[in-house]
Amino acid sequence: MGVVTYEFEVTSPVAPTRLFKAFVLEGAKVYPKAAPHAIKSVELEGDALFFFWYLFDMSMSDNKYFISLGLPFQYMKHMIGGHDENNLSYSYSLIEGGPLGDKLEKISYENQFVAAASGGSVCKSSIKFYTVGDYVITEDEIKALIQRSEVVYKAIEAYLLANTDACN
């Protein structure tokens with residue numbers, strides 16, 4: 001097993017506290033509302049140590065696809081690492097479903113929202129890809145996965161901009 005770390009930042013006109021609430025504290029409610037094209041529902045398991053994203057069934061058949069991102073899978077299971085409301089940071093790992101396939105054991109995320117100098121915020125992310133066996137994930141594959149996840153990020157951002165009372 002190998003581990004590849006990739007760091008990147010995403011800017012947003014939305015305040016960091018609102019983004020933190022939308023992604024972490026109120027995520028189970030916000031994700032399906034903000035990105036119904038991609039996420040059908042979020043289910044918490046146990047003491048919210050795990051959560052599932054059930055992906056929207058665009059075809060209305062027995063096969064569910066994450067159509068907007070072009071990937072054929074029904075769900076993603078995440079294990080919550082923790083969050084810090086004072087630092088607006090959180091961590092979690094994708095441990096089942098989604099893009100893991102047979103090449104990735106898990107993907108771990110550490111994110112922090114900080115105020116941007118020009119207003120709005122910056123989401124600073126560090127992602128660790130835990131590969132199976134001798135598999136080596138390429139930078140192009142990493143960028144494609146990040147680009148797909150940004151679709152949901154931008155949908156949540158748009159939801160917050162359109163619904164100024166949400167996540168305050």
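**Salt bridges and a pocket around helix 3**

Guide: In this predicted model, Glu139 and Lys143 form a salt bridge, with their closest N and O atoms 3.3 Å apart.

Visitor: Why is the contact between Glu139 and Lys143 called a salt bridge?

Guide: The cut-off is 4 Å between a side-chain nitrogen of Lys or Arg and a carboxyl oxygen of Asp or Glu. The N and O atoms here are 3.3 Å apart, so the pair qualifies.

Visitor: What separates Glu139 and Lys143 along helix 3?

Guide: About one helical turn, because they are four residues apart.

Visitor: How many salt bridges does a search of the whole structure find?

Guide: Two. Lys154 and Glu157 form a salt bridge too, with the closest N and O atoms 3.5 Å apart. That value is within 4 Å, so the name applies. These residues are three apart in helix 3, again about one helical turn.

Visitor: Why is Glu157 called buried?

Guide: Buried means under 20% relative accessible area. Glu157 has 9%, so it counts as buried. Its partner Lys154 has 38%. That lies between 20% and 50%, so Lys154 is partly exposed.

Visitor: What makes Glu139 partly exposed?

Guide: Its relative accessibility is 44%, between the 20% and 50% limits. Lys143, at 42%, is partly exposed as well.

Visitor: What does helix 3 contribute to the lining of the second largest pocket?

Guide: The largest share, four residues. The pocket has a volume of about 250 Å³. Of its 13 lining residues, those closest to the centre are Pro99, Lys103, Tyr135, Glu141 and Leu145. The lining divides into eight nonpolar, one polar and four charged residues.

Methods. Residues are numbered from 1 along each chain as its sequence is written. This is a predicted model: local features need pLDDT of at least 70, side-chain atom pairs count only at pLDDT 80 or more; totals for chains, interfaces and linings use all residues. Side-chain values use heavy atoms; hydrogens and water are left out. On a 1 Å grid over the protein atoms alone, a cavity is a set of points where a 1.4 Å probe fits but cannot get out, and a pocket is an open set with protein on both sides within 12 Å along at least five of seven lines; lining residues have an atom within 4 Å of a point. Grid points are joined across faces, edges and corners, and a volume is the space filled by probe spheres set on the points. Helices (H or I, at least four residues) and strands (E, at least two) are DSSP runs, numbered from the N terminus. Ala, Val, Leu, Ile, Met, Phe, Trp, Tyr, Cys and Pro count as nonpolar, Asp, Glu, Lys and Arg as charged, and the others, Gly among them, as polar. Buried means under 20% relative accessible area, exposed over 50%, partly exposed in between (1.4 Å probe, protein chains only).
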